[in-house]
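User: Could you take a close look at the nonpolar interior of this chain, and set it in the context of the fold around it? I would like one connected account rather than a list.

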Amino acid sequence: MTSDHPVRQPLPGRWEQLFADLEAQLAAGREQDARWDVAELTRAERSRVRLVDRLRASVGSGVRVVTGGGDAVDGLLVEAADEWLLVDLGVGRRAVVPTAAVRVVEGVGAHVAPPATRTASALGLGHVLRALARDRVVASVRTEAATLVGRLERVGADHVDVALEAPASRVAVVPFGAVLAVVSR
């Protein structure tokens, strides 16, 4: 049987072009999968970054720390621990800000510091306040309810006593959870 229609023969190179196209599609798919994997790994890595690790990487930078109640502490970040930040306000004044009171921090870079040593992370807010009390520091203790000015006297496990300048001979007891900042005078 003969046909009036001739059998089409593949053009030279047509199969090679088809395979080249399929290989290019496969390579593009692999590249897209690799980009997706890298992006997913990056997101997973970022999900483990703690604020304090970013803050520690920004030590030495100028920051603005906004606490509950909208108060801001502006200055040079000197130290960042798990429970507190130390900010140099200039003119010999410093502020200790509990990390639990932090609502916003401006001036923090994208870098991350490695986790702190056990010694550094073990220094809680109580340790810092006890050092200030030992040195008989007069400070402003900011809370949402009031700003108390006086000498830090006794520091318990979860509170600090402030011997008020006015009225004299009165002591205010402030739970750590209420402290927004302790600013040296």
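Analyst: What follows begins with the fold as a whole, turns to the interior, and ends with two individual residues and a patch on the surface.

The model is a predicted one, and its chain contains four helices and 10 strands, which follow one another along the sequence in the pattern α-α-β-β-β-β-β-α-α-β-β-β-β-β. Of the 185 residues in the chain, 31% are buried, and among the contacts with a separation of 6 or more, 49% are accounted for by residues 24 or more positions apart.

The largest nonpolar core has 23 residues, and the members that touch the most others are V96, L129, V141, L152 and V182. At least two residues of this core come from each of β3 (84-90), α4 (125-134), β6 (138-142), β7 (147-155), β8 (159-164) and β9 (171-175), while α4 gives the largest share, with five residues. As a general matter, nonpolar side chains in soluble globular proteins tend to be buried together.

V96 can be followed in more detail: with neighbours within four places in sequence left aside, V96 is in contact with W84, L85, L86, L125, V128, L132, A181 and V182. Apart from the largest core lies another one, of 14 residues, which includes V52, V65, V87 and V183.

Two residues outside this listing deserve a separate look. S58 sits in the loop between α2 (51-57) and β1 (62-67), and S58 counts as buried because its relative accessibility is 3%, under the 20% cut-off. Not counting residues up to four places away in sequence, S58 touches L77, V108 and G109. A80 belongs to strand β2 (residues 72-80), and A80 also counts as buried, because its relative accessibility is 5%. Although A80 and S58 are 22 residues apart in sequence, their C-alpha atoms are 8.8 Å apart in space. With neighbours within four places again left aside, the contacts of A80 are V52, L55, R56, V59 and L85; of these, V52 is among the residues of the 14-residue core, and L85 is also in contact with V96.

On the outside, the chain exposes about 12,200 Å², of which carbon and sulfur atoms supply 55%. W15, L18, F19 and L22 make a nonpolar surface patch of about 420 Å², and W15 is found in helix α1 (residues 14-46).

Methods. Residues numbered from 1 in each chain as written. Predicted model: local features only at pLDDT ≥ 70, side-chain atom pairs only at ≥ 80, totals over all residues. Heavy atoms only, no water. Core = buried A, V, L, I, M, F, W, Y, C linked by side-chain atoms within 4.5 Å. Buried < 20%, exposed > 50% of the residue type's maximum accessible area, 1.4 Å probe, protein only. Contact = heavy atoms within 4.5 Å. Patch = residues over 30% accessible without salt bridge, like charges linked within 9 Å, V, L, I, M, F, W, Y side chains within 5 Å. Areas by Shrake-Rupley, 256 points an atom, 1.4 Å probe, with all protein chains shown as cover. Salt bridge = Lys/Arg side-chain N within 4 Å of Asp/Glu carboxyl O.
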